[in-house]
Amino acid sequence: MISPRSSDVPALSCRNIAKTYESNHVTACRDISIDLHAGEIHCILGENGAGKSTLMRILTGDQRPDRGSVIIQGETASLSSPHDALKRGIGMIHQQSNCIAELTVWENIILGAEELPLVLPVTAQGRTRKAVDRICSTYGLSLPYRKIASKLDSSGIQTAALVSLLLRNVQVLIFDEPHTLFSGTPPPLFTDLAGTFAREGKAVAVVTHNLETAFSIASRITVLRRGASMGTFLPQEIDIKGASRLMMGLPPQFEAAPETRPHRRAPSRQSPVMTLDQVTTEGDPDNPSVLKDVSFSVHPGEILACVGIKEHGLTTLEGLITSFASGRGDPPRLAGGTVQFDGLSCGYPADLEDFRKAGGAYVPSDRLVTGTAVRCSVTDNAMLHVHKNLTGSIPGIIARDKALSYARKLIKDVSIHARPEDVMLSLSGGNIQKLIAARELALNPKLLIACEITWGLDIMTQEFLFSRIEELRSSGTAVLLITSETDIALAHSTRTAMFYRGRLSCIADTSKVTADQIGDVILGGASI
Amino acid sequence: MKGKLVVSLLILSLTTLLLALLSPEPAETIVRFFTGPFRNIYAFGSFLSSALLLVIAGTGISICFRGGQFNLGGEGQVYSGAAASLTAALLLPLMPGFIAKPLLIAAAMITGFLIAALSGWLRHRFSIHELISSYLTSGALVFFCDFLISGPLRDEESFLIATQRIPGAYTLAQLLPPSPLHSGIFIAAAVAAASHIFLHRSVWGYRLRMFGEQSTFARFGGISPRTYRIMPIGISGALYGLAGAVALLGIHYRGIQGFTAGLGWNGIAVALIAGTSPVMTLYAALLVAYIEIGISSAMAGAAVTYDLGLIVRGAILIVVTLKVLKRKQEELL
């Protein structure tokens with residue numbers, strides 16, 4: 001870790017930023033400090049959910065931090081909006097379109113600044129147009145001014161956003177997942193543009209999870225993980241592998257194999273509960289999230305952990321096995337191979353109900369939208385799977401006392417402080433997850449699919465959840481743990497299945513692998 | 001509860017303000033407005049009979065809201081329900097009242113249900129928002145019902161654009177003559193009680209609430225999206241149809257062009273004021289009915305035009321939707 005390159009005042013910096021979203025209790029930033037100096041290209045790396053976007057929103061006035069301060073040119077600032085940040089010379093080029101789809105490119109460029117009113121006198125428009133043309137020729141950019149913004153491709157959108165920031169003479173440029181090429185003839189490379197801006201003395205921040213891009217241009221690199229900074233480095237102090245290890249929460253250097261882990265029983269010889277045979281899902285095979293030729297079985301009494309980067313097939317696997325997509329889209333479809341669960345052929349278009357009837361239980365990775373109805377009571381959430389069995393003497397009418405006592409039972413199962421009538425949202429994130437787990441475990445499943453079950457939870461809660469899962473396992477349940485957290489797999493699973501770019505690279509007894517070996521497989525496709 | 005009181009006061013003061021500004025004799029008008037429903041037995045009975053229709057219509061919309069749907073087709077659904085009932089009453093052979101009444105009511109409810117359920121199905125099948133489709137179908141149906149009453153069913157002898165009276169045996173019993181209060185009040189009470197039990201105690205009510213609150217969570221629990229895209233709006237359509245039938249059998253006894261107009265929008269106003277509780281639906285229905293009767297009393301006595309009633313109705317809708325919009329905005333932020 002280093003101190004800033006020069007002693008001069010950073011163009012933009014922040015100190016001890018913390019932010020928790022009230023709506024879902026997610027802590028996006030815990031304690032982040034970062035400096036952006038004039039003339040540097042500062043790459044900010046992190047996985048999805050590491051807190052990159054929230055941090056950038058705070059730096060550009062789109063969000064307010066719970067704690068910590070934003071400092072512009074050495075002065076503490078309180079940014080009220082992106083517009084406010086823009087007036088102080090800070091601008092951001094967003095990953096997605098930030099422009100008004102119905103307006104033309106030209107209207108989008110001149111929109112939103114008082115000094116450039118939309119209804120300009122012809123002469124002023126001409127002057128602005130000249131300034132824009134000058135900017136475009138300086139950097140080799142070009143834009144179809146009369147085109148409607150919604151017709152632009154993503155590189156055109158980012159180019160338009162860039163031009164409009166340059167027109168406002170922005171001195172701190174923040175790029176969120178920049179496009180490789182910008183619009184122009186020939187199209188300028190992002191890496192070249194970033195270098196030019198830095199030489200001109202602008203501070204350039206690049207938020208990305210593309211390590212190659214980052215390492216090819218960065219003057220400094222900051223790695224974020226779970227809302228905290230893992231350190232700021234000069235490019236020569238760290239390599240791609242080290243950075244990716246930090247992003248995944250692994251130690252940057254090689255470590256001795258920890259031998260303190262309890263030895264777990266090898267998988268039982270009983271016939272498997274679930275078997276995937278040469279499973280391939282629909283989609284472009286080059287897409288890392290598409291599963292390719294994946295085969296494995298889950299046996300009674302074992303915890304099989306599937307580890308890897310979420311986008312390298314874990315999310316697809318979750319959707320495929322449960323036949324459930326949390327968003328608007330359909331769950332992934334099988335293109336080849338079979339998924340067998342207790343005689344049931346899983347996979348779209350079979351449905352989650354069949355899966356449950358066959359003895360499956362499922363803790364979804366998306367706990368706030370899929371796993372709970374956050375504005376409903378604990379009772380309403382608790383009885384989702386069993387409400388039809390809680391009727392009293394009148395058919396179709398749920399007996400209130402039965403519903404309440406069922407909710408109380410789940411609350412007691414995971415010993416949390418809550419009353420059946422409490423609104424789910426009033427519970428902490430950990431308690432919400434405990435209650436979801438309690439609801440699914442109470443089904444006494446043959447197969448439990450637990451996805452990202454520990455995400456965002458403290459150690460105590462993690463241990464608690466696994467003690468319950470362990471009880472279930474020892475009574476013969478097969479557990480499929482899908483997690484992007486390697487340490488969780490190491491600490492709790494019987495076997496570990498490692499995914500890389502949608503392929504199952506290898507399966508090993510967890511007691512025989514180290515964090516390092518897993519890291520090599522899931523980050524680089526090495527084999528053990 | 002406090003919020004409801006604020007909204008009620010806001011509505012009442014806005015109405016007062018409008019009357020004061022628009023009436024040539026403000027004092028007289030305002031006194032007539034506030035004392036309207038209590039001036040005599042007739043006014044009081046009108047007040048209750050108008051409130052009971054609003055309870056029926058508003059309850060349906062409340063259920064629809066809880067299911068996460070919006071039904072803007074109330075005007076057409078009430079009118080069509082009433083028209084279905086009317087057509088059956090006039091064209092079917094004469095029956096004893098105890099058979100005819102349930103039959104006519106069922107005809108209205110089924111008609112309302114089918115019209116509204118169509119919008120729910122369109123939403124499920126083609127992702128056409130039920131807000132748009134229900135509003136548009138309603139618009140067309142209003143003209144169709146107008147045509148029925150002014151064309152095939154019209155009573156040529158009458159000076160009004162109206163049909164013949166339905167047979168006397170089919171009408172709901174008068175409770176407070178000479179006022180229009182009728183035994184439909186028991187239907188309204190039954191609807192309010194049944195909807196409460198349905199929503200908060202039944203298996204289907206639970207699923208409907210979960211689907212309305214968070215559809216992904218409901219799907220995760222195996223609750224059928226098709227059923228619960230059709231059921232909430234379908235129920236509101238059925239209850240709108242019922243309100244239409246009750247208006248016909250209890251108050252008007254014949255079809256008059258536009259005779260249920262306003263009930264659809266006022267049902268939405270009631271549901272928006274009431275929020276989620278059925279008890280509040282009773283309260284909101286009384287409030288809206290009070291204003292309606294107050295306005296007509298002010299119109300009858302003072303030199304206030306009919307348009308003022310429309311202006312006040314519009315103002316009420318604005319106030320109550322403001323509340324909802326604010327909540328929506330908070331959700332979005």
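In the predicted model, the largest nonpolar core comprises 246 residues, and the members that touch the most others within it are A:Cys306, A:Leu480, B:Ile56, B:Ala57 and B:Ala243. The largest share of this core, 15 residues, is supplied by helix H10 (residues 225-252) of chain B. The surroundings of B:Ala57 can be listed in detail: leaving aside residues up to four places away in sequence, B:Ala57 touches B:Gly74, B:Val78, B:Leu239, B:Tyr240, B:Ala243, B:Leu263, B:Gly267 and B:Val270.

Chain A, with 528 residues, has 45% of them buried, and its secondary structure amounts to 17 helices and 20 strands. Among the contacts in chain A with a separation of 6 or more, 68% involve residues that are 24 or more positions apart.

Strand S8 (residues 203-208) of chain A is largely enclosed by the rest of the structure, because six of its six residues are buried. In a regular strand the side chains alternate between the two faces of the sheet. In S8(A), A:Ala203, A:Ala205 and A:Val207 point one way, whereas A:Val204, A:Val206 and A:Thr208 point the other way, and all of these residues are buried. Strand S3 (residues 41-45) of chain A runs parallel to S8(A) and is joined to it by five bridges, with A:Ile41 standing opposite A:Val204. Strand S7 (residues 172-176) of chain A likewise pairs with S8(A) in the parallel sense, over five bridges, and here A:Leu173 stands opposite A:Val204. The connection from S7(A) to S8(A) involves helix H6 (residues 190-199) of chain A, and the three elements make a right-handed β-α-β unit.

An antiparallel arrangement is found elsewhere in chain A, where four strands form an open sheet in the order S12-S11-S14-S15. The edges of this sheet are strand S12 (294-298) and strand S15 (344-345) of chain A, each of which pairs on one side only. Strand S11 (residues 274-281) and strand S14 (residues 334-341) of chain A run antiparallel and are joined by six bridges, and A:Asp277 in this pairing stands opposite A:Thr338 of S14(A). Strands of a sheet pair through backbone hydrogen bonds, either parallel or antiparallel.

Helix H14 (residues 429-441) of chain A consists of 13 residues and reaches 18 Å from its first C-alpha to its last, close to the 18 Å expected at 1.5 Å a residue. This helix is mostly covered, with twelve of its 13 residues buried. The buried residues of H14(A) include charged side chains by name, among them A:Lys434, A:Arg439 and A:Glu440, together with others such as A:Ile432, A:Leu435, A:Ile436 and A:Leu441. The buried residues of H14(A) pack against two strands of chain A, strand S16 (360-363) and strand S17 (447-451), and also against H11, helix H12 (378-382), helix H13 (400-413) and helix H15 (459-474) of chain A.

The contact between chain A and chain B takes 21 residues from chain A and twelve residues from chain B. On the side of chain A that touches chain B, helix H10 (352-357) and helix H11 (367-371) of chain A each supply at least two residues, and the largest share, three residues, comes from H10(A). By class, this side of chain A has nine nonpolar, seven polar and five charged residues. Helix H11 of chain A thus appears in two settings, supplying residues to the side that touches chain B and serving as one of the elements against which the buried residues of H14(A) pack.

Methods: Residues numbered from 1 in each chain as written. Chains lettered and ligands numbered in written order. Predicted model: local features only at pLDDT ≥ 70, side-chain atom pairs only at ≥ 80, totals over all residues. Pairing = 2+ DSSP bridges. Contact = placed C-beta atoms within 7 Å. Expected span 1.5 Å × (residues − 1). Buried ≥ 20, exposed ≤ 12 C-beta atoms within 10 Å, placed from the backbone. Right-handed = clockwise from strand over helix to strand, strands pointing away. Core = buried A, V, L, I, M, F, W, Y, C linked by C-beta atoms within 7 Å.
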